[in-house]
Amino acid sequence: MKGIKTVLIMVLLTGTLNADEWKKHLVMEKGQNTSAVAADYDGDGDVDVITSYAGRVSLFTAPDWTEVILHRFPNLKGRCIHSETLDIDGDGDMDWAGSEANNSPFWLENPGDGSGAWAARIIDHEIRGIHCILKADVDNDGSEDLIINNFFPDGPLGDSVAWFSIPEKVMSAPHWDRHVFADRTARGGSHYFGFGDLDGDGWGEIAIGAKGAPFEDGNWFAYWKNPGKEGVKGAWEKTVIAEDQLAATNILPGDLNGDGTMDFLASRGHSAGVLWFEGPDWKEHGIDLEIKSPHTLVLADLDQDGDLDGASCGFESKRVSIYLNDGKANFTRQDLDLAQESYDLRAVDMDGDGDLDLLNAGRGTGNVAWYENPLK
């Protein structure tokens, strides 16, 4: 691909032999960032990247990764801790949503031509301490909503998590429609979310990890049951998956062992360990208990064999690893990089060849990179 700075990294193997190679492509090396999302934002057929660093939100257009500044924060050191991309205004192009950790979540309207004229509008004025934004069709109406947490224990939404539906007149609405499903039941520094139908009723549940210290009552994984049409806009019932999970962060649902029952892939992103919980009783199994600060987590079919694999990057270990599943939840680790940090990792087909690559927001390594899946 023209203009892409590339670093070739041999796959380091654990367990099985594999001669494949992954290529590391650098999108930018301009500063610390904690979230990156990808889509064809300018309509030219290439997949572009939006990230936030040094007081700005920037679009990097493929294939040469030309920077277009979309938004500036008053704080020149500010950046968005997490973000999402979805078509908010229904005009057929992908918009962007995010927030600085201590400020209101907002969205940027894509004008569709790759220019920097992206208008900013507030999603909610009261929610604060945002640590995760996840898109999902929570109410089964065919359009995506946003799930956003209030990381801190104070304020009108302290220790709570809400989902937000797009208002009918989103271009002029003062805020989105807020629905608090975890009403002060997410105490402990709620982190990242997973969304999926755990019980087969057609409605997706929301799973959360909580990091604990310096907050009270954390170190747990839990999910909230979607009550369906009759109660989807009220409070949901909480079920604890596991406690005493030091500095828990990520929890993603999927059938990992092929038995027809949903399981969870999880990570303790502010301590150590990638693991999985076997449904329906949530028996704990270790996958990679040595990885330090695996703050990111991916669950996707990376090798195209029909089952779900995992991926993570430990920002203390400084390694990007994938965990290939044999279909029965026996995982083989492959290390793709031993000199990379991360706060956000996504499975995205970056080059349009039909397989899933990995897009990484580089945290302390001050870069955004993507890893090219060698499958063709």
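**Figure 1. Ser 293, a buried residue with positive phi.** In this predicted model, Ser 293 has a relative accessibility of 2% and therefore counts as buried, the cut-off being under 20%. The residue is found in the loop between strand 23 and strand 24 (298-300). Its phi is near 55°, a positive value in a residue other than glycine.

**Figure 2. Ala 329 in the loop between strand 26 and strand 27.** The two flanking strands comprise residues 319-325 (strand 26) and 331-337 (strand 27). Ala 329 has phi near 70°, which is positive although the residue is not glycine. With a relative accessible area of 8%, Ala 329 is buried.

**Figure 3. The cis peptide bond between Ala 213 and Pro 214.** Omega of this bond is about 10°. Pro 214 is placed in the loop that lies between strand 17 and strand 18. Both of these strands are among the elements that give two or more residues to the largest nonpolar core.

**Figure 4. The cis peptide bond between Gly 279 and Pro 280.** For the bond joining Gly 279 to Pro 280, omega is about 10°. Pro 280 belongs to the loop between strand 22 (272-278) and strand 23 (283-292).

**Figure 5. The largest nonpolar core.** This core holds 24 residues. Those that touch the most other members are Ile 147, Val 161, Phe 181, Ile 208, Trp 224 and Trp 236. Two or more residues each come from strand 12 (133-136), strand 14 (161-165), strand 15 (177-182), strand 16 (190-196), strand 17 (205-210) and strand 18 (220-225).

**Figure 6. Surroundings of Trp 224 within the core.** Neighbours within four places in sequence are left aside in this view. The contacts of Trp 224 include the core residues Phe 181, Ile 208 and Trp 236. Trp 224 is also in contact with Ala 182, Thr 185, Ala 186 and Ile 206. Glu 205, Glu 237 and Lys 238 are further contacts of Trp 224.

**Figure 7. Arg 56, a buried arginine in strand 6.** Strand 6 spans residues 56-61 and contains Arg 56. The relative accessible area of Arg 56 is 18%, so the residue falls under the 20% limit and is buried. When residues up to four places away in sequence are not counted, Arg 56 touches Thr 51, Glu 67, Ile 69 and His 71, among others. Arg 72, Phe 73 and Gly 78 are also in contact with Arg 56.

Notes: Residues numbered from 1 in each chain as written. Predicted model: local features only at pLDDT ≥ 70, side-chain atom pairs only at ≥ 80, totals over all residues. Heavy atoms only, no water. Core = buried A, V, L, I, M, F, W, Y, C linked by side-chain atoms within 4.5 Å. Buried < 20%, exposed > 50% of the residue type's maximum accessible area, 1.4 Å probe, protein only. Helix = DSSP H or I, 4+ residues; strand = E, 2+ residues; numbered from the N terminus. Contact = heavy atoms within 4.5 Å.
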